[in-house]
Amino acid sequence: MTVTPSAAELTDDDREAAYLLGEELIPAQDGELSADEAGVAARFLDEVLTLRPDLVPGFRAILRESRDRDPRDFCESLAVAEPGRFQLLTFVIAGAYLMSPRVRDRLGYRGQVGEPQAGEQQREYTEDGPLQVVRDRGPVYRPTPAVRLDPAQPTR
């Protein structure tokens, strides 16, 4: 019986390609964790691709194309020839990297944390708060320069 991976499941070949590309994009440097040390290919890619299944086909296609190629050459050529696909690659790899608790700890990033509110008006919005000087000043703006969409039409 042949087991076919689900859309978000990565094959061993996919993981190997992701590992190589991840190490190229996020190497260990100045005491910071590499993509491998952060667990990108081993664990966190699965989380990213589960959260964003729309990225799976494009990401897996990039991984397939990168096999048997030098990771640096592949990344450099992809960045020049197809910047949108390079953006997809870096978005997924960097997203997986930033999901690692070890990376978050090193960056001092606790994630999105809600701040409990007591129900009172926040000081910033009270009459004597720090935004009062802005309210007192009134609206201030700079008019944008006129833009001609059609060179045959005069500027307004």
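# Worked exercises on salt bridges and helix packing

The structure, which is a predicted model, holds nine salt bridges. The exercises below treat some of these pairs, one helix contact and one serine in turn.

## Exercise 1: a pair between a helix and a loop

Determine which residue pairs with Asp 14 in a salt bridge and how far apart the closest N and O atoms are, and then place both partners in the chain.

Solution. Side chains of opposite charge can pair when their charged atoms come close. The partner of Asp 14 is Arg 67, and the closest N and O atoms of the two are 2.4 Å apart, which is within the 4 Å that a salt bridge requires. In the next step the two residues are placed: Asp 14 belongs to helix α1, whereas Arg 67 sits in the loop between α4 (56-66) and α5 (71-81), so the salt bridge ties together parts that are 53 residues apart in sequence. As for accessibility, Asp 14 has a relative value of 2% and therefore counts as buried, while Arg 67, at 27%, counts as partly exposed. Finally, salt bridges that share partners join Asp 14 and Arg 67 with Arg 60 into one network.

## Exercise 2: two further salt bridges

Find the N to O distance for the pair Glu 32 and Arg 106 and for the pair Asp 54 and Arg 52, and state whether Arg 106 is buried or partly exposed.

Solution. For Glu 32 and Arg 106, whose side chains meet in a salt bridge, the N to O distance is 3.8 Å. Glu 32 is found in the loop between α1 and α2 (35-38) and Arg 106 in helix α7 (residues 101-107), so this pair ties together parts that are 74 residues apart in sequence. Glu 32 counts as partly exposed because its relative accessibility is 37%, and Arg 106, at 45%, also counts as partly exposed. Turning to the other pair, the side chains of Asp 54 and Arg 52 meet in a salt bridge with an N to O distance of 2.6 Å, and Arg 52, at 33% relative accessibility, counts as partly exposed.

## Exercise 3: the packing of α1 against α6

Describe how the axes of helix α1 and helix α6 are arranged, and name the residues that make the contact.

Solution. Two packed helices are described by the angle between their axes and the distance between the axes. Here the axes of α1 (residues 12-25) and α6 (residues 83-99) come within 11 Å and cross at roughly 90°, which means that α1 is roughly perpendicular to α6. On the side of α1 the contact is made by Ala 18, Leu 21, Gly 22 and Leu 25, and on the side of α6 by Phe 86, Leu 89, Thr 90 and Ile 93. Sorted by character, the residues of this contact comprise six nonpolar, two polar and no charged.

## Exercise 4: the surroundings of Ser 100

Locate Ser 100 among the helices, decide whether Ser 100 is buried or exposed, and identify which residues are in contact with Ser 100 beyond its neighbours within four places in sequence.

Solution. Ser 100 lies in the loop between α6 and α7, and its relative accessibility of 2% means that Ser 100 counts as buried. With the neighbours within four places in sequence left aside, Ser 100 is in contact with Ala 38 and Phe 44. In the case of Ala 38, the backbone oxygen lies 3.2 Å from a polar atom of the Ser 100 side chain.

Methods. Residues are numbered from 1 along each chain as its sequence is written. This is a predicted model: local features need pLDDT of at least 70, side-chain atom pairs count only at pLDDT 80 or more; totals for chains, interfaces and linings use all residues. Side-chain values use heavy atoms; hydrogens and water are left out. Axes are lines fitted to C-alpha atoms, for helices over the stretch in contact, and angles run from 0 to 180 degrees between N-to-C directions. Helices (H or I, at least four residues) and strands (E, at least two) are DSSP runs, numbered from the N terminus. Angles under 35 degrees count as roughly parallel, over 145 as roughly antiparallel, 65 to 115 as roughly perpendicular and the rest as oblique. Contact means heavy atoms within 4.5 Å. Ala, Val, Leu, Ile, Met, Phe, Trp, Tyr, Cys and Pro count as nonpolar, Asp, Glu, Lys and Arg as charged, and the others, Gly among them, as polar. Buried means under 20% relative accessible area, exposed over 50%, partly exposed in between (1.4 Å probe, protein chains only). A polar contact is a pair of N or O atoms within 3.5 Å; within protein, one must be able to donate a hydrogen and the other to accept it, and residues adjacent in sequence count only if both atoms are side-chain atoms.
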